[in-house]
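Good morning, everyone, and thank you for making time for this. I would like to go through one model with you slowly, a few side chains at a time, so please keep the picture in view while I talk.

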Amino acid sequence: MDNQCFDDRMMMNDTLNTQKQITQMYNHYAGECSCPQCKDTLMDVLQDEHDMQYEVYQEMAKRGWYTVQCASENEVECACKKFKEKEKEL
């Protein structure tokens with residue numbers, strides 16, 4: 001790929017996707033940890049990674065590169081109902 005094609009928007013998108021993968025991995029390993037001290041350390045790192053992910057998201061949103069559509073009240077109610085039904089199944 002030509003460097004000129006990999007613009008700021010693409011780099012930020014790549015960074016955001018990488019941060020999402022990193023947080024998933026740290027979350028997985030923190031959940032599997034049997035040593036309390038290791039788990040605490042992983043949870044601290046996980047929080048730092050989430051903070052970095054949010055910073056990247058904010059920068060993208062500020063530039064109009066990442067927009068989030070707000071859910072309607074009806075959509076929120078529907079999602080809550082589905083989760084409550086799933087919770088009862090557990």
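Let me begin with a definition: a residue is called buried when its relative accessible area is under 20%, exposed when that area is over 50%, and partly exposed in between. With that in hand, and keeping in mind that this is a predicted model, we can turn to F6, which has a relative accessible area of 30% and is therefore partly exposed. F6 lies in the segment before helix α1, the helix that covers residues 8-32. Together with M10 and M11, F6 forms a nonpolar patch on the surface, and the accessible area of these three residues together is about 230 Å².

Staying with α1 for a moment, H28 has its place in that helix, and with a relative accessible area of 43% H28 is partly exposed. If you compare H28 with V76, you will find that they are 48 residues apart in sequence, while their C-alpha atoms are 28 Å apart in space.

Now to helix α2, which covers residues 36-62 and which holds D48. D48 counts as partly exposed, because its relative accessibility is 45%. D48 also belongs to a negative surface patch, whose members are D40, D44, D48, D51 and E55.

Next, the aromatic rings. A pair of such rings is described by two things, namely the distance between the centres and the angle between the planes. How many aromatic pairs does the structure hold? There are two of them. In one, the rings of Y54 and Y57 have centres 5.8 Å apart and planes at 35°, so this pair is tilted. Y54 and Y57 are three residues apart in helix α2, which means that about one helical turn separates them. Y57 also forms an aromatic pair with Y66, and here the arrangement is edge-to-face, with 5.2 Å from centre to centre and 90° between the planes. As for their surroundings, Y54 is partly exposed at a relative accessible area of 47%, Y57 is partly exposed at 24%, and Y66 is partly exposed as well, at 27%. Y54, Y57 and Y66 thus make up one aromatic cluster.

My last topic is charge. Side chains of opposite charge can pair when their charged atoms come close. A search of the whole structure finds three salt bridges. K62 forms one of them with E59, where the closest N and O atoms are 3.0 Å apart, and both residues lie in helix α2, three residues apart, or about one turn of the helix. E59 forms a salt bridge with R63 too, and in that case the closest N and O atoms are 2.7 Å apart. Which residues, then, are linked in a network of salt bridges? They are E59, K62 and R63. Within this network, K62 counts as exposed at 61% relative accessibility, whereas E59 is partly exposed at 28% and R63 is partly exposed at 44%.

The salt bridge still to be described joins K86 and E89, whose closest N and O atoms are 4.0 Å apart. Both residues lie in helix α3, which covers residues 73-89, and they are three residues apart, about one turn of that helix. K86 is exposed at 52% relative accessibility, and E89 is exposed with a relative accessible area of 61%.

Key: Residues are numbered from 1 along each chain as its sequence is written. This is a predicted model: local features need pLDDT of at least 70, side-chain atom pairs count only at pLDDT 80 or more; totals for chains, interfaces and linings use all residues. Side-chain values use heavy atoms; hydrogens and water are left out. Patches are made of residues with over 30% relative accessible area and no salt bridge: like charges are joined within 9 Å, nonpolar side chains (Val, Leu, Ile, Met, Phe, Trp, Tyr) within 5 Å. Accessible areas come from the Shrake-Rupley method with a 1.4 Å probe; for residues, only the protein chains shown count as cover. A salt bridge is a side-chain nitrogen of Lys or Arg within 4 Å of a carboxyl oxygen of Asp or Glu. Lys and Arg count as positive and Asp and Glu as negative; His and the chain ends are not counted. The place of a charge is taken as NZ of Lys, CZ of Arg, CG of Asp or CD of Glu. Helices (H or I, at least four residues) and strands (E, at least two) are DSSP runs, numbered from the N terminus. Buried means under 20% relative accessible area, exposed over 50%, partly exposed in between (1.4 Å probe, protein chains only). Rings of Phe, Tyr and Trp (its six-membered ring) pair if their centres lie within 6.5 Å; planes under 30 degrees apart count as stacked, over 60 as edge-to-face and the rest as tilted.
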